[in-house]
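I am opening a fresh page for a structure that I have not looked at before. My plan is to begin with its interior, then follow one helix, and end with the chain as a whole.

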Amino acid sequence: KGAPAVPASSADASGNLSVRTKDRDGRAKKASPYGSDTTSMLSVQIDQGKRTASSSSHTLVSLDDTAAYYTLYCQTFIQLLKAEKALLRTLIPEPLHKITMDSIIKCSLASLIFDAECLASYVKASVAGRHFMPIMAILRCSDLFYSISPQFISIFKGLESDPASKVVCLKHFLQLSLYSNVHSLEEFVTTPPSEKSTDLPPDGTIHEMTSSTIQLLQKMGQCKEFIGRVFLKHEPNKYLDSLSPSYQACCAYYGRVLRGLMASIEQKSKGYEQEPLQAIFKLNNFNYVRKYAGRDTEVCTIVCSGWPAYIDELDSVISKQHSIYQKGFSKLLSLLNDLSHTSSTSGSELSKTARSAIKDRFRSMNAELDELYKVQQRYSVPDFTLRATLINENMSLLCASYEHFLERHANALQQFKTPEKYLKYSLVDFQKVLKSFFDQSA
C-alpha cells in the first residue's frame with residue numbers, strides 16, 4: 001500500500017546508473033525508491049561510514065560490511081523471488097501472475113539498484129581521494145552480481161515492466177564502475193610525482209602508496225578471472241591470441257601496475273636530498289614489494305605470466321640500492337684506511353708533526369662516526385630481516401678497517417698524554433654504535 005510508482009532505471013551519459021521518478025511538472029529527477037521520507041538501508045550505512053570513519057582502516061571495515069550486506073541482499077532477494085513465484089502458482093490465477101509479480105518486485109528491485117549506485121559513488125569518491133582499498137567492495141559486489149544475474153533474468157523473464165533489462169543494466173554499471181576504479185589505480189601509480197613531493201616519509205620508511213597497492217593486488221587475486229573479463233569487455237582487441245584471454249588480461253594489468261609502482265618509487269626517492277636516505281627509501285619499498293609480491297606469492301605468479309623477468313629485475317634493483325647505501329660510509333672508510341703517518345712499530349718515537357696528524361685523524365674519525373650515528377638514527381627500516389642485513393653489511397664493511405686502524409696507531413696512543421681523549425671508541429664500542437643504527441622503535 002502506498003508504494004511509489006515504479007522508478008525507471010538507466011545508465012546516463014556519464015555511466016551513472018540512476019533511479020528516476022518525476023516531479024509534479026513531469027520532469028525527471030533522481031530519487032530514492034522509498035520516497036522522500038525514507039532511504040535505502042545500505043545508503044544509510046554508507047553515509048554513517050562517511051561521518052564516523054576517523055581513519056582509512058575504519059572506512060575499510062565499514063565498506064567490507066557494506067559489501068557483505070549487499071551480497072546477502074542479492075542472494076536473499078533471489079531466494080525470496082523463487083518462493084514468491086512458487087506461491088503465485090498456488091494462490092493467484094495464471095493471467096494475473098505477471099502483473100502481481102511486477103507489483104511485488106518493483107520496490108525491492110529499485111532498492112537494489114539504488115544501493116549499487118550509492119556504493120559506486122562512495123568508492124569513486126574514495127579513489128579520487130587516493131584511497132584504493134574500497135575498490136574491493138565494488139569488486140566483490142560486481143563479481144557476485146555477474147554470477148547471479150542469470151538467475152534474476154530467468155525469474156523476471158516475460159514481465160511487462162521488463163525488470164530483466166534493469167538487471168542487465170545494473171550488471172554493466174557495476175562492471176564499468178570497477179573498470180574505472182582499477183584503471184584509476186593504474187593511472188595513479190604510473191603518473192610521475194611532482195619534483196617536490198610533500199608526501200614523503202621523513203625517515204625513508206615504506207610509502208603508503210606501496211603498501212596499499214600491494215595489499216589491494218593481493219586481495220584482487222581472489223577475483224582475477226573476473227577482473228580479466230572486465231578488462232576484455234572494455235579492451236576487446238587485446239589478448240586475442242591467448243589461450244586464456246581473461247587471465248592474461250589480468251596478468252597484464254598486474255604487470256602494468258607493478259612497473260608503474262617501481263618507477264614511482266624510484267621517482268619519489270629523488271625528493272630526498274641525501275643519497276643514503278634515497279637508498280633507504282627504495283630499499284624499504286622495494287623490499288616490501290619483494291616480501292609480499294615476490295616468489296611463492298599469488299601476485300608473483302600472476303605478474304610473471306606476462307613479465308617473466310619481474311623477480312630478476314626486482315632483485316637487481318634491490319642489490320643496487322645496497323651498494324648505493326654503503327657509499328655513505330666512504331668518508332669514514334677513507335679516514336680508517338689512510339696509511340700515512342702509521343705508528344705500528346712498537347717503541348718507535350713519533351715526531352711532533354706525526355703525532356699531531358694522527359690526533360687530527362682520530363678527531364675526524366670520531367666526528368664522522370658521531371655524525372653518521374646521529375643521521376642513521378633518524379632512518380627507519382621497519383622490516384627486521386632487512387634491518388639486520390644492513391647492520392651486518394655495515395659491520396663487515398667497517399669493523400675490520402677500524403680494527404686495523406687501532407692496530408696501526410696503538411704505538412701513537414701510548415705516546416699521547418691523554419689517549420682517552422682521542423680513543424673515544426674501542427672495537428666493541430664501535431660495533432655497538434653500528435648495531436644501534438636506524439630507529440629501533442620502527
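Entry one, the core. I looked up the largest nonpolar core and found that it holds 119 residues, among which Leu112, Phe152, Phe156, Leu258 and Tyr310 touch the most other members. When I asked which helix gives this core its largest share, the answer was α4, residues 135–156, with 12 residues. I keep in mind that the model I am reading is a predicted one. As background, I note that nonpolar side chains in soluble globular proteins tend to be buried together.

Entry two, one core residue. I then listed the contacts of tyrosine 310, leaving aside its neighbours within four places in sequence, and wrote down Leu258, Val289, Ala293, Cys300, Val303 and Cys304.

Entry three, a helix. I turned to α3, which runs over residues 97–128 and has 32 residues, and noted that it reaches 46 Å from its first C-alpha to its last, close to the 46 Å expected at 1.5 Å a residue. Where is the kink in α3 centred? I found it at isoleucine 105, with a bend of about 40°. After α3 comes arginine 130, for which I noted a positive phi, near 65°.

Entry four, the whole protein. I counted 16 helices and three strands, and of the 442 residues, 45% count as buried. Among contacts between residues at least 6 apart in sequence, I noted that 76% join residues at least 24 apart. My last look was at the surface, where the protein exposes about 22200 Å², with carbon and sulfur atoms supplying 53% of it.

Conventions
Residues are numbered from 1 along each chain as its sequence is written. This is a predicted model: local features need pLDDT of at least 70, side-chain atom pairs count only at pLDDT 80 or more; totals for chains, interfaces and linings use all residues. Side-chain values use heavy atoms; hydrogens and water are left out. Helices (H or I, at least four residues) and strands (E, at least two) are DSSP runs, numbered from the N terminus. The expected span of a helix is 1.5 Å times one less than its number of residues. The bend at a residue is the angle between axes fitted to the seven residues ending there and the seven starting there. A nonpolar core is a set of buried Ala, Val, Leu, Ile, Met, Phe, Trp, Tyr and Cys residues joined through side-chain atoms within 4.5 Å. Buried means under 20% relative accessible area, exposed over 50%, partly exposed in between (1.4 Å probe, protein chains only). Contact means heavy atoms within 4.5 Å. Accessible areas come from the Shrake-Rupley method with a 1.4 Å probe; for residues, only the protein chains shown count as cover.
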